[in-house]
Amino acid sequence: MTAFKLIRALAHDAAIGIVVTDPMIEPPGPIILYANAAFSRLVGRELDEIVGRSPRFMQGKETRRETLDVFHRALAAGERFHSYLANYRGGGTKYRAEIDCRSLRTADGHIENFVSFEREVIRRLGRPAGSASGRYEPTSVSNDALTGVLRALGVFKHA
């Protein structure tokens, strides 16, 4: 079983958005090969409107170019990307997304796909935080079985 097939099997009912793309990072790629229902709800679009498109469809006027450039460099190097982006839902509503994206590699080390875990976050109220990870909190907390596995893998933890 490939990593892609395993993720599809595990991600189907996950409470956080999970997307798998092809490895092509230059436009028109990467192309979404799989997205779960939680991602569909997050971006306000049906799955048939998501699969086959580039994740760039969520970007808008307040999506920071600097963060996108860091994202691009990380993917090009096969490194993990973990940060926050202003994205837009199907109806045009802006939201803040926490994105943790990693490469999926073949046994010989070639990047086969990228997997991205995404959730909506809001700014914390009160004192400013010392780091980006302390500046935001998830809009909802999940107790589904996959959450413990993702926590063990360090998903959504800054390196």
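A salt bridge, for this talk, is a side-chain nitrogen of Lys or Arg within 4 Å of a carboxyl oxygen of Asp or Glu. Good morning, everyone! With that in hand, let me walk you through this model, which is a predicted one.

Let's begin with a pair that fits the definition. R119 and E98 form a salt bridge, and their closest N and O atoms are 2.8 Å apart. R119 belongs to strand β5 and E98 to strand β4, so this pair ties together parts that lie 21 residues apart in sequence. How exposed are the two partners? R119 has a relative accessible area of 23%, so we call R119 partly exposed. E98, at 2% relative accessibility, counts as buried.

How many salt bridges does the structure hold? There are eight. Another one of them joins the side chains of R89 and E120, at 2.6 Å from N to O. This pair also links distant parts of the chain, with R89 in the loop between β3 and β4, E120 in strand β5, and their positions 31 residues apart. Here R89 is partly exposed at 22% relative accessibility, and E120 is partly exposed at 22% too.

Then there is D100 with R102, a salt bridge whose closest N and O atoms are 3.1 Å apart. D100 is buried, with a relative accessible area of 0%, while R102 counts as partly exposed at 22%. Please keep R80 in view as well: R80, D100 and R102 are linked in a network of salt bridges.

Now let's stay with strand β4 and look at A97, which has its place there. Is A97 buried or exposed? With a relative accessibility of 0%, A97 counts as buried, because buried means under 20%. The C-alpha atoms of A97 and E118 are separated by 6.4 Å, although these residues are 21 apart along the chain. Leaving aside residues up to four places away in sequence, A97 touches S83, Y84, L85, N87 and R119. You'll remember R119 as the salt-bridge partner of E98.

Next, helix α1, which runs over residues 3-11. Which residues of α1 are buried? They are F4, I7 and A11. These three cover an arc of only 60° around the axis, which puts them on the same side of α1. An α-helix has 3.6 residues a turn, so residues three or four places apart point the same way. On the other side of α1 we find K5, A9 and L10, and these are exposed. What do the buried residues of α1 pack against? They pack against β1, β2 (32-35), β4 and β5.

Last stop: the second largest pocket, with a volume of about 410 Å³. It is lined by 23 residues, and the closest to its centre are P30, P55, Q59, F71 and L75. Two or more lining residues come from each of β1 (17-21), α4 (65-77), β3 (81-88), β4 (94-105) and β5 (111-123). Which element gives the largest share of this lining? That is α4, with five residues. As for chemistry, the lining divides into 14 nonpolar, six polar and three charged residues.

If you take one picture back to your desk, let it be β4 and β5: they are tied together by E98 and R119, they are among the strands that the buried residues of α1 pack against, and they are among the elements that give two or more residues to the lining of the second largest pocket. Thanks for listening, and I'm happy to take questions!

Conventions:
Residues are numbered from 1 along each chain as its sequence is written. This is a predicted model: local features need pLDDT of at least 70, side-chain atom pairs count only at pLDDT 80 or more; totals for chains, interfaces and linings use all residues. Side-chain values use heavy atoms; hydrogens and water are left out. On a 1 Å grid over the protein atoms alone, a cavity is a set of points where a 1.4 Å probe fits but cannot get out, and a pocket is an open set with protein on both sides within 12 Å along at least five of seven lines; lining residues have an atom within 4 Å of a point. Grid points are joined across faces, edges and corners, and a volume is the space filled by probe spheres set on the points. Helices (H or I, at least four residues) and strands (E, at least two) are DSSP runs, numbered from the N terminus. Ala, Val, Leu, Ile, Met, Phe, Trp, Tyr, Cys and Pro count as nonpolar, Asp, Glu, Lys and Arg as charged, and the others, Gly among them, as polar. Buried means under 20% relative accessible area, exposed over 50%, partly exposed in between (1.4 Å probe, protein chains only). The arc is that of the directions from the helix axis to the C-beta atoms. Contact means heavy atoms within 4.5 Å.
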